[in-house]
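Work through the exercises below with the sequence and the model open beside you. Try each task on your own before you read its solution.

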Amino acid sequence: MRLATAIARPQLPSSPLASLALLLLAVVMIAGMFAAARGPGLRFATPTEPAAFADPSPVVVRILPGGAAEVDGAPVEAGGLPAAIAARLASRPGPAALLLVSPDATYGDMVAAYAAVASVPNVQVALPTRAWVEAKTGP
Amino acid sequence: MRLPRPRPVPPTLPAAALADVTLLLVFFFLLATSFDPDRTQVDLPAGPQLVEAAPGAACLVVTRRVTAAGERLVWRFDDGRGLSQELAGPDGLFFEVSRVVEDDPERTFLLKIDSSVRFSTVDDALEMMRKAGARNVVFGVRAAVGA
């Protein structure tokens with residue numbers, strides 16, 4: 001009797017390839033979850049320590065409830081904030097503007113005011129906390 | 001009858017089976033691990049998008065809930081490692097921020113706050129984060145239409 005000899009067909013081992021592809025997929029999925037940016041935002045030069053803000057004569061911008069604003073104590077109409085700040089900064093040695101937000105104003109008021117102040121060229125905007133203001137001026 | 005002599009089989013590692021077992025382990029850990037990133041809907045104010053909070057940034061979410069019983073602020077903190085938890089208020093923020101800062105002093109903190117929240121609340125959060133040692137704070141905004 002003569003037995004037939006088995007002929008091994010050439011083939012690619014696709015089973016481990018599929019496993020590796022799935023492994024890579026899982027790695028990329030998990031890494032992507034942690035590698036994504038968290039979202040847009042804005043950043044201040046926040047003077048959290050009394051000595052951290054060195055500009056001796058910043059333009060003081062007060063934001064009142066409802067979004068009304070004062071620049072160095074003078075009320076400013078809505079939309080006129082950038083021009084008022086630019087005019088004040090022209091006569092100052094430093095480029096700093098201090099954004100003092102009333103506790104009764106809202107976070108939205110603060111962001112809107114920041115957008116207006118930041119549109120002034122070359123301005124540095126700082127947002128002090130209430131504790132910083134009280135340390136400077138008293139409660 | 002003369003049968004052919006069996007050829008010696010070279011010793012090999014069954015790599016395909018190892019990959020299958022590894023894959024099974026990956027799926028096991030994927031299902032067993034608790035990922036709970038924060039999905040709270042926040043009514044962010046529209047504003048200029050000046051920076052992008054870095055990947056892995058810790059995130060403080062403060063939302064305002066108005067119900068028949070009155071107004072309530074909900075504080076949630078996400079340490080940037082995929083887990084989010086509710087806080088009792090700004091006092092609970094101190095411990096969480098301290099823990100993150102101890103691990104990485106330069107970590108970015110993203111504040112996502114409802115636009116109608118009073119600024120005194122934001123100020124309390126900032127003050128608590130300052131005491132805990134946070135240095136990099138980004139105020140979350142919604143990109144303005146057309147920006």
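**Exercise 1.** Find what percentage of the residues of chain B count as buried, and describe how chain B is built and spread out.

*Solution.* Step 1: of the 147 residues of chain B, 28% count as buried, where buried means that 20 or more other C-beta atoms, placed from the backbone, lie within 10 Å of the residue's own, exposed means 12 or fewer, and partly exposed is in between. The model is a predicted one, in which local features need pLDDT of at least 70 and side-chain atom pairs count only at pLDDT 80 or more, while totals for chains, interfaces and linings use all residues. Residues are numbered from 1 along each chain as its sequence is written, and chains are lettered from A and ligands numbered from 1 in the order in which they are written.

Step 2: chain B has 3 helices and 8 strands, these being DSSP runs numbered from the N terminus (helices H or I, at least four residues; strands E, at least two). Read from the N terminus, the order of elements in chain B is α-β-β-β-β-β-α-β-α-β-β.

Step 3: the radius of gyration of chain B is 25 Å, well over the 15 Å that the globule rule gives for 147 residues, so chain B is more spread out than a compact globule. Here the radius is taken over C-alpha atoms, and the rule is 2.2 Å times the number of residues to the power 0.38. Along the principal axes, the C-alpha atoms of chain B fill a box of roughly 100 × 35 × 35 Å.

**Exercise 2.** Describe how α2 (residues 90–103) and α3 (residues 119–132) of chain B meet.

*Solution.* Step 1: the axes of these two helices of chain B come within 8 Å and cross at roughly 35 degrees; axes are lines fitted to C-alpha atoms, for helices over the stretch in contact, and angles run from 0 to 180 degrees between N-to-C directions.

Step 2: among the residues that make the contact are B:Leu93, B:Phe94 and B:Val97 of α2(B), together with B:Ala125, B:Met128 and B:Met129 of α3(B). Two residues are in contact if their C-beta atoms lie within 7 Å.

Step 3: the buried residues of α3(B) include B:Ala125, B:Met128 and B:Met129, and just after this helix B:Gly133 takes a positive phi of about 100 degrees.

**Exercise 3.** Where does A:Tyr107 sit, and which residues does A:Tyr107 touch?

*Solution.* Step 1: A:Tyr107 belongs to helix α3 (residues 107–118) of chain A, a helix that is mostly covered, with 10 of its 12 residues buried.

Step 2: A:Tyr107 itself counts as buried because it has 26 C-beta neighbours inside 10 Å.

Step 3: leaving aside neighbours within four places in sequence, A:Tyr107 is in contact with B:Pro45, B:Ile113, B:Asp114, B:Ser115, B:Val117, B:Phe119 and B:Val122.

**Exercise 4.** Compare A:Asp72 and A:Asn122: is each one buried, partly exposed or exposed?

*Solution.* Step 1: A:Asp72 lies in the loop between β3 (69–71) and β4 (74–76) of chain A, whereas A:Asn122 lies in the loop between α3 and β6 (124–126) of chain A.

Step 2: A:Asp72 is partly exposed, with 14 other C-beta atoms within 10 Å, while A:Asn122 is exposed, with 7.

Step 3: most residues other than glycine have a negative phi. A:Asp72, however, has a positive phi near 50 degrees, and A:Asn122 has a positive phi of about 60 degrees although it is not a glycine.
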